[in-house]
Amino acid sequence: VVTAGGTQEPLDPVRHLTNRSSGKMGYALAEAARDRGAKVTLVTAPTALLEPVGVEVVNVHTAQEMLDVVKKAVNRTHALIMAAAVADYRPVKISENKIKKVMPTLTLELEKTPDILGTVKGDFVRVGFAAESQNLIENARRKLRQKQLDLIVANDITVTDSGFGADTDRVVIIDREGKVEKLPLLPKREVADKVLDRVVRLLTKT
(Lines give C-alpha, C1' and ligand atoms only; values in the text may rest on other atoms or scores of the structure.)
Protein backbone atom coordinates (compact mmCIF):
# COMPACT_ATOMS: atom_id res chain seq x y z
CA VAL A 1 0.00 0.00 0.00
CA VAL A 2 1.43 3.37 -1.05
CA THR A 3 0.01 6.81 -0.30
CA ALA A 4 0.68 9.89 -2.41
CA GLY A 5 -0.17 13.55 -2.94
CA GLY A 6 -1.16 16.32 -0.60
CA THR A 7 -4.46 15.95 1.21
CA GLN A 8 -7.05 18.74 0.92
CA GLU A 9 -9.04 20.00 3.94
CA PRO A 10 -12.13 22.01 2.89
CA LEU A 11 -12.83 25.53 4.13
CA ASP A 12 -16.00 26.08 2.13
CA PRO A 13 -17.51 24.67 -1.12
CA VAL A 14 -14.71 26.18 -3.27
CA ARG A 15 -11.62 26.44 -1.05
CA HIS A 16 -9.37 24.09 0.86
CA LEU A 17 -6.13 23.92 2.84
CA THR A 18 -3.42 21.86 1.18
CA ASN A 19 0.32 21.78 0.51
CA ARG A 20 2.75 21.74 -2.43
CA SER A 21 3.09 17.97 -2.78
CA SER A 22 2.96 16.85 -6.43
CA GLY A 23 2.51 13.15 -5.63
CA LYS A 24 5.49 12.24 -7.84
CA MET A 25 7.35 10.29 -5.15
CA GLY A 26 4.35 8.19 -4.19
CA TYR A 27 3.52 7.42 -7.81
CA ALA A 28 7.16 6.47 -8.48
CA LEU A 29 7.03 4.08 -5.51
CA ALA A 30 3.79 2.51 -6.71
CA GLU A 31 5.15 2.00 -10.23
CA ALA A 32 8.47 0.62 -8.98
CA ALA A 33 6.70 -1.86 -6.70
CA ARG A 34 4.40 -2.90 -9.54
CA ASP A 35 7.39 -3.50 -11.83
CA ARG A 36 8.86 -5.82 -9.20
CA GLY A 37 5.72 -7.93 -9.31
CA ALA A 38 3.92 -6.55 -6.28
CA LYS A 39 0.17 -6.13 -6.08
CA VAL A 40 -0.08 -2.41 -5.32
CA THR A 41 -2.84 -0.24 -3.90
CA LEU A 42 -2.15 3.48 -4.41
CA VAL A 43 -4.17 5.72 -2.10
CA THR A 44 -3.80 9.17 -3.59
CA ALA A 45 -4.92 12.68 -2.84
CA PRO A 46 -5.58 14.86 -5.93
CA THR A 47 -2.60 15.28 -8.29
CA ALA A 48 -1.98 16.29 -11.91
CA LEU A 49 -0.41 12.89 -12.64
CA LEU A 50 -1.76 10.10 -14.82
CA GLU A 51 -2.94 7.05 -12.91
CA PRO A 52 -0.35 4.27 -13.19
CA VAL A 53 -1.40 1.20 -15.17
CA GLY A 54 -1.56 -2.12 -13.32
CA VAL A 55 -2.12 -0.51 -9.92
CA GLU A 56 -5.31 -0.33 -7.88
CA VAL A 57 -5.89 3.40 -7.42
CA VAL A 58 -8.14 4.79 -4.68
CA ASN A 59 -8.75 8.54 -4.82
CA VAL A 60 -9.28 10.53 -1.62
CA HIS A 61 -9.23 14.19 -0.62
CA THR A 62 -8.94 14.58 3.14
CA ALA A 63 -6.71 13.08 5.81
CA GLN A 64 -9.72 11.32 7.33
CA GLU A 65 -10.63 9.75 3.99
CA MET A 66 -7.05 8.58 3.51
CA LEU A 67 -7.01 7.07 7.01
CA ASP A 68 -10.28 5.20 6.37
CA VAL A 69 -9.00 3.70 3.11
CA VAL A 70 -5.56 2.81 4.46
CA LYS A 71 -7.05 1.04 7.49
CA LYS A 72 -8.97 -1.28 5.17
CA ALA A 73 -6.14 -1.73 2.65
CA VAL A 74 -3.51 -2.83 5.18
CA ASN A 75 -5.54 -5.88 6.16
CA ARG A 76 -3.93 -7.67 3.23
CA THR A 77 -0.58 -5.89 2.88
CA HIS A 78 3.07 -6.72 3.53
CA ALA A 79 4.21 -3.10 3.50
CA LEU A 80 2.74 0.37 3.97
CA ILE A 81 4.71 3.25 2.43
CA MET A 82 3.29 6.61 3.49
CA ALA A 83 4.67 9.04 0.92
CA ALA A 84 1.63 11.34 1.05
CA ALA A 85 1.97 14.82 2.49
CA VAL A 86 -0.94 14.67 4.91
CA ALA A 87 -2.27 18.01 6.18
CA ASP A 88 -1.48 18.49 9.86
CA TYR A 89 -4.54 20.67 10.53
CA ARG A 90 -8.06 21.12 9.19
CA PRO A 91 -10.74 23.79 9.81
CA VAL A 92 -12.90 23.10 12.86
CA LYS A 93 -15.91 24.37 10.95
CA ILE A 94 -16.55 24.08 7.22
CA SER A 95 -18.69 26.88 5.83
CA GLU A 96 -21.75 25.66 3.93
CA ASN A 97 -21.51 28.67 1.63
CA LYS A 98 -18.61 30.41 -0.06
CA ILE A 99 -16.82 32.70 2.39
CA LYS A 100 -17.24 36.25 1.09
CA LYS A 101 -14.48 38.85 0.98
CA VAL A 102 -16.21 41.24 3.37
CA MET A 103 -14.05 41.68 6.49
CA PRO A 104 -10.47 43.07 6.30
CA THR A 105 -9.20 39.99 8.18
CA LEU A 106 -10.38 36.43 8.59
CA THR A 107 -9.54 34.13 11.47
CA LEU A 108 -9.70 30.36 11.04
CA GLU A 109 -9.83 27.91 13.92
CA LEU A 110 -7.95 24.71 13.09
CA GLU A 111 -7.72 21.29 14.69
CA LYS A 112 -5.30 18.43 14.19
CA THR A 113 -6.05 15.89 11.50
CA PRO A 114 -5.87 12.17 12.37
CA ASP A 115 -2.37 10.70 12.61
CA ILE A 116 -2.45 7.93 9.97
CA LEU A 117 0.92 6.34 10.75
CA GLY A 118 0.27 6.68 14.46
CA THR A 119 -3.10 4.95 14.08
CA VAL A 120 -2.49 2.22 11.50
CA LYS A 121 -0.35 -0.55 12.92
CA GLY A 122 0.04 -4.24 12.24
CA ASP A 123 2.36 -7.04 11.18
CA PHE A 124 3.75 -5.32 8.10
CA VAL A 125 6.69 -3.08 7.20
CA ARG A 126 5.91 0.58 7.89
CA VAL A 127 7.76 3.33 6.01
CA GLY A 128 7.24 7.01 6.62
CA PHE A 129 8.41 10.19 4.88
CA ALA A 130 9.56 13.41 6.52
CA ALA A 131 9.69 16.69 4.59
CA GLU A 132 11.73 19.04 6.76
CA SER A 133 13.00 22.62 6.51
CA GLN A 134 15.44 22.36 9.43
CA ASN A 135 17.21 19.77 11.62
CA LEU A 136 16.55 17.12 8.98
CA ILE A 137 18.02 14.02 10.63
CA GLU A 138 17.02 14.97 14.18
CA ASN A 139 13.39 15.59 13.24
CA ALA A 140 13.24 12.46 11.08
CA ARG A 141 14.60 10.29 13.89
CA ARG A 142 12.02 11.73 16.28
CA LYS A 143 9.20 10.90 13.86
CA LEU A 144 10.55 7.38 13.34
CA ARG A 145 10.60 6.73 17.09
CA GLN A 146 7.23 8.33 17.84
CA LYS A 147 5.42 6.42 15.11
CA GLN A 148 7.43 3.19 15.61
CA LEU A 149 8.42 2.94 11.96
CA ASP A 150 10.78 0.49 10.31
CA LEU A 151 12.19 3.12 7.97
CA ILE A 152 11.86 6.83 7.41
CA VAL A 153 12.81 8.74 4.27
CA ALA A 154 13.66 12.38 4.93
CA ASN A 155 14.25 15.22 2.50
CA ASP A 156 15.13 18.90 2.87
CA ILE A 157 12.35 20.92 1.26
CA THR A 158 14.49 24.08 1.17
CA VAL A 159 16.70 22.61 -1.57
CA THR A 160 15.51 23.70 -5.00
CA ASP A 161 16.52 20.58 -6.98
CA SER A 162 14.64 18.11 -4.79
CA GLY A 163 11.42 17.77 -2.83
CA PHE A 164 7.99 19.11 -3.78
CA GLY A 165 7.37 19.30 -7.51
CA ALA A 166 10.89 18.29 -8.59
CA ASP A 167 11.63 15.17 -10.63
CA THR A 168 14.71 14.49 -8.50
CA ASP A 169 15.27 14.00 -4.79
CA ARG A 170 18.16 13.98 -2.35
CA VAL A 171 17.03 11.94 0.64
CA VAL A 172 18.27 10.37 3.83
CA ILE A 173 17.01 6.91 4.83
CA ILE A 174 17.05 6.05 8.54
CA ASP A 175 16.20 2.64 9.99
CA ARG A 176 15.02 1.50 13.44
CA GLU A 177 18.60 0.92 14.56
CA GLY A 178 19.42 4.54 13.79
CA LYS A 179 21.60 3.85 10.78
CA VAL A 180 21.67 6.74 8.33
CA GLU A 181 22.04 6.31 4.56
CA LYS A 182 22.47 9.56 2.61
CA LEU A 183 21.61 9.23 -1.06
CA PRO A 184 22.94 11.59 -3.75
CA LEU A 185 20.63 13.57 -5.99
CA LEU A 186 18.66 10.97 -7.98
CA PRO A 187 15.54 10.78 -10.15
CA LYS A 188 12.56 9.97 -7.96
CA ARG A 189 12.14 6.59 -9.65
CA GLU A 190 15.69 5.66 -8.56
CA VAL A 191 14.95 6.86 -5.03
CA ALA A 192 11.85 4.65 -5.09
CA ASP A 193 13.98 1.64 -6.03
CA LYS A 194 16.42 2.38 -3.22
CA VAL A 195 13.56 2.53 -0.72
CA LEU A 196 12.05 -0.69 -2.06
CA ASP A 197 15.44 -2.43 -1.83
CA ARG A 198 15.31 -1.69 1.89
CA VAL A 199 11.70 -2.84 2.18
CA VAL A 200 12.57 -6.13 0.47
CA ARG A 201 15.43 -6.74 2.91
CA LEU A 202 13.10 -6.13 5.84
CA LEU A 203 10.51 -8.50 4.41
CA THR A 204 13.19 -11.15 3.91
CA LYS A 205 14.19 -10.87 7.58
CA THR A 206 10.60 -11.36 8.75
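Start by selecting Leu42. Apart from its neighbours within four places in sequence, Leu42 is in contact with Val2, Ala4, Gly26, Tyr27, Ala30, Pro52, Val55, Glu56, Val57 and Val58. Keep in mind as you click around that this is a predicted model.

**Stop 1: the largest core**

Keep Leu42 on and add Leu29, Ile81, Val127, Phe129 and Val195. In the largest nonpolar core, which has 30 residues, these and Leu42 are the ones that touch the most other members. Now colour the elements that each supply at least two residues of this core: strand S1 (2–4), helix H1 (24–35), strand S6 (79–82), strand S9 (125–132), strand S10 (151–156), strand S12 (171–175) and helix H5 (188–205). Which element gives the largest share of this core? That's H1, with 7 residues. As a general point, nonpolar side chains in soluble globular proteins tend to be buried together.

**Stop 2: another core**

Next, select Val43, Val70, Leu80 and Ala84. They are among the 24 residues of a second core, separate from the one you just left.

**Stop 3: Thr7**

Now go to the loop between S1 and strand S2 (9–10), where you'll find Thr7. Is Thr7 buried or exposed? It counts as buried, because its relative accessibility is 0%, and the cut-off for buried is under 20%. Show what surrounds it: leaving out residues up to four places away in sequence, Thr7 touches Leu17, Thr18, Asn19, Ala45, His61, Thr62, Ala63, Met66, Ala85, Val86 and Ala87.

**Stop 4: Glu177**

For another loop, pick the one between S12 and strand S13 (180–182), which holds Glu177. Glu177 has a relative accessible area of 62%, so it is exposed; the cut-off for that is over 50%. Add Asp150 too: Glu177 and Asp150 are 27 residues apart along the chain, and their C-alpha atoms are separated by 8.9 Å.

**Stop 5: zoom out**

Clear your selections and look at the whole protein chain. You should be able to pick out 5 helices and 14 strands. Along the principal axes, the C-alpha atoms fill a box of roughly 60 × 35 × 30 Å. The radius of gyration is 17 Å, which agrees with the value near 17 Å that a compact globule of 206 residues would have. Of those 206 residues, 44% count as buried.

Try showing contacts between residues at least 6 apart in sequence: 58% of them join residues at least 24 apart. Then turn on the surface. The chain exposes about 11500 Å², and carbon and sulfur atoms supply 49% of that.

Last, colour by charge. There are 32 positive and 27 negative side chains, and the centres of the two sets lie 2 Å apart.

Conventions. Residues numbered from 1 in each chain as written. Predicted model: local features only at pLDDT ≥ 70, side-chain atom pairs only at ≥ 80, totals over all residues. Heavy atoms only, no water. Core = buried A, V, L, I, M, F, W, Y, C linked by side-chain atoms within 4.5 Å. Buried < 20%, exposed > 50% of the residue type's maximum accessible area, 1.4 Å probe, protein only. Helix = DSSP H or I, 4+ residues; strand = E, 2+ residues; numbered from the N terminus. Contact = heavy atoms within 4.5 Å. Rg over C-alpha atoms; globule rule 2.2 N^0.38 Å. Areas by Shrake-Rupley, 256 points an atom, 1.4 Å probe, with all protein chains shown as cover. Lys, Arg positive; Asp, Glu negative; His and termini not counted. Charge placed at Lys NZ, Arg CZ, Asp CG, Glu CD.
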